[in-house]
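Q: Please take a close look at one strand of this protein chain and describe its setting. I would then like the account to move outward to the surrounding architecture.

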Amino acid sequence: MTLHGALIAGTGSFLPERKLTNIDLEKMVDTSDEWIVQRTGIRERRIASPGESSASMAVIAAQRALESSGTRPEEIDLILCATITPDMPTPSNACLIQHALGCRRGIGAMDLNAACSGFVYALVTATNFIKTGSAKTVLVIGAETLSRITDYTDRSTCILFGDGAGAVVLKQTTDLGAGVQAFELGADGSGAMLLHVPAGGSRHPADPESVGAKLHTLKMSGRDVFKFAVAQMAESIEKAMNACKLTPDQIKLVIPHQSNARIIDSAATKIGLTADRMFINIDRYGNTSAASVAIALDEAIRAGRCGRGDWVVIIGIGGGLTWATVTVKL
Ligand code: UT7
């Protein structure tokens with residue numbers, strides 16, 4: 001079998017207009033701007049308007065990625081949308097996106113749920129379709145409307161989450177030295193309940209009691225997830241560098257999942273990467289789960305923080321528990 005390269009040909013993102021600041025949250029729960037900034041690095045997050053949804057935001061992010069890569073919707077061979085907040089349990093967001101973009105009938109379209117690691121899981125899946133020649137052009141999206149599954153009376157979670165979408169167009173290249181060079185996928189289901197939404201699935205379908213008890217919102221054992229994420233982020237970045245025999249000074253930028261600035265800082269210190277090589281936008285958007293890394297990658301490229309020929313490590317970590325890394329030569 002001839003193997004092909006998988007190149008990040010273009011990126012795009014979309015954030016809703018409305019901002020929810022720490023000062024706003026001070027009026028909603030017993031918290032303070034100072035506590036939130038110190039413990040998380042977050043200052044504000046974006047909240048979707050009633051007319052917006054994960055799929056509608058994904059469509060705009062995808063259009064921007066198509067434009068930046070010079071790709072027409074008809075060229076897309078496969079659509080992967082990572083999300084834990086699809087518009088509906090079925091159909092998939094990917095099918096809604098396919099139709100809205102005007103992609104060809106008959107291409108593959110599916111959603112993928114790996115929580116905050118979802119976009120990187122999808123990027124790895126897309127890479128393998130391209131490497132084996134099963135697809136030439138894949139649209140990979142991370143989109144979330146976490147505000148719709150957040151309990152705004154729970155101060156331990158509502159300060160964290162936000163809405164948004166990011167997308168990448170991955171294209172086949174004959175240059176095996178360009179694009180995705182290594183990846184890792186990981187999961188540890190023993191920690192499944194550390195971050196979960198108790199109801200709304202087949203185990204506990206929606207009923208008036210579950211709605212009243214807010215069982216359709218995210219519940220998190222923050223301290224346990226924090227400990228896991230701190231250790232896993234450092235280990236995953238190290239593995240990602242080793243897989244391509246890279247030293248820290250060869251890495252132009254790490255695009256980490258934006259869950260907590262302290263998690264990112266601690267991983268950087270452990271590995272010996274200077275703070276300027278860890279991309280952070282959590283101060284403006286909070287944690288947008290599967291959208292986080294996709295938005296961050298788009299912003300980093302558009303801001304000139306990384307570009308063609310640079311080594312970049314992209315890392316997702318989160319519920320499941322899950323983690324995923326991609327080492328890419330842009
Ligand atoms: O994206 C998926 C992965 N998610 C993550 O990686 C999130 C990981 N977890 C975290 O980022 C942190 O655990 C949090 C930011 C959620 C919490 O920070 P922490 O430093 O772990 O705080 P804690 O849960 O240990 O709580 C410390 C104190 C507690 O008070 P007591 O028991 O010490 O009196 C909490 O009740 O802070 C209190 N607290 C708050 N105080 C003011 C918890 N939330 C708040 C709040 N405002 N919003």
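A: **Strand E7 and its surroundings**

In this predicted model, strand E7, which spans residues 163–173, is mostly covered, with 10 of its 11 residues buried. Two strands pair with strand E7, and each may be taken in turn. Strand E1 (residues 5–14) runs antiparallel to E7, and the two are joined over 9 bridges. Within the facing positions, Gly12 stands opposite Ala167 of E7. Strand E6 (residues 137–145) also pairs with E7 in the antiparallel sense, again over 9 bridges. Here Val138 is the residue that stands opposite Leu170 of E7.

The domain assignment places this strand in a wider frame. The protein chain is assigned domain 1, covering 5–177, and domain 2, covering 180–329. The centres of domain 1 and domain 2, taken over C-alpha atoms, are 14 Å apart. Contacts between them involve 56 residues of domain 1 and 49 residues of domain 2. The size of an interface is often given as the accessible area lost when the parts come together. For domain 1 and domain 2 the buried area is about 4000 Å², and carbon and sulfur atoms give 62% of it. On the side of domain 1, Cys116, Val120 and Tyr121 supply 15% of the area buried against domain 2, more than any other three residues. Salt bridges make no contribution to this pairing of domains: the count between domain 1 and domain 2 is 0.

The nonpolar interior may be considered next. The largest nonpolar core has 37 residues, and Ile255 and Ile314 touch the most other members. Helix H5 (residues 118–131) provides the largest share of this core, namely 8 residues. Both domains take part, since the core draws at least three residues from each of domain 1 (5–177) and domain 2 (180–329). The surroundings of Ile314 can be listed in detail. When neighbours within four places in sequence are left aside, Ile314 is in contact with Ile8, Val120, Leu123, Ile255, Val293, Leu297, Ala324, Thr325, Val326 and Val328. One of these contacts, Ile8, belongs to the range of strand E1 (residues 5–14), a pairing partner of E7. Val120, also in contact with Ile314, is one of the three residues named above for the area that domain 1 buries against domain 2.

Apart from the largest core lies another, of 26 residues, which includes Ala182, Ile263, Ile271 and Leu321.

Charged pairs add a further layer to the description. The structure holds 9 salt bridges. One of them joins Glu44 to Lys19, with the closest N and O atoms 3.8 Å apart. Glu44 lies in strand E3 (residues 44–47) and Lys19 in strand E2 (residues 18–21), so this pair ties together parts that are 25 residues apart in sequence. The two partners have unlike surroundings: Glu44 counts as buried at 18% relative accessibility, whereas Lys19 is partly exposed, with a relative accessible area of 41%. The assignment of Glu44 rests on the cut-off, because buried means under 20% relative accessible area.

A second salt bridge connects Arg155 with Asp30, the closest N and O atoms being 3.7 Å apart. This pair links distant parts of the chain, 125 residues apart: Arg155 is in helix H6 (residues 155–158), and Asp30 is in the loop between helix H1 (22–26) and helix H2 (33–40). Arg155 counts as partly exposed, at 48% relative accessibility, while Asp30 is exposed, with a relative accessible area of 62%.

A third salt bridge is formed by Glu74 and Arg72, whose closest N and O atoms are 3.1 Å apart. Glu74 is partly exposed, with a relative accessible area of 36%, and Arg72 also counts as partly exposed, at 48% relative accessibility. Salt bridges with shared partners join Arg72, Glu74 and Glu75 into one network.

Finally, a position in helix H7 offers a contrast with the covered strand at the start of this account. Pro208 is placed in helix H7 (residues 208–212) and is exposed, with a relative accessible area of 74%. Its C-alpha atom is separated by 25 Å from that of Ser54, and Pro208 and Ser54 are 154 residues apart along the chain. Strand E7, by comparison, has 10 of its 11 residues buried.

Methods
Residues are numbered from 1 along each chain as its sequence is written. This is a predicted model: local features need pLDDT of at least 70, side-chain atom pairs count only at pLDDT 80 or more; totals for chains, interfaces and linings use all residues. Side-chain values use heavy atoms; hydrogens and water are left out. Buried means under 20% relative accessible area, exposed over 50%, partly exposed in between (1.4 Å probe, protein chains only). Helices (H or I, at least four residues) and strands (E, at least two) are DSSP runs, numbered from the N terminus. Two strands pair if DSSP finds at least two bridges between them. A nonpolar core is a set of buried Ala, Val, Leu, Ile, Met, Phe, Trp, Tyr and Cys residues joined through side-chain atoms within 4.5 Å. Domain bounds come from an automatic or database domain assignment. Contact means heavy atoms within 4.5 Å. A salt bridge is a side-chain nitrogen of Lys or Arg within 4 Å of a carboxyl oxygen of Asp or Glu. Buried area is the accessible area (1.4 Å probe) that two parts lose on being put together, summed over both.
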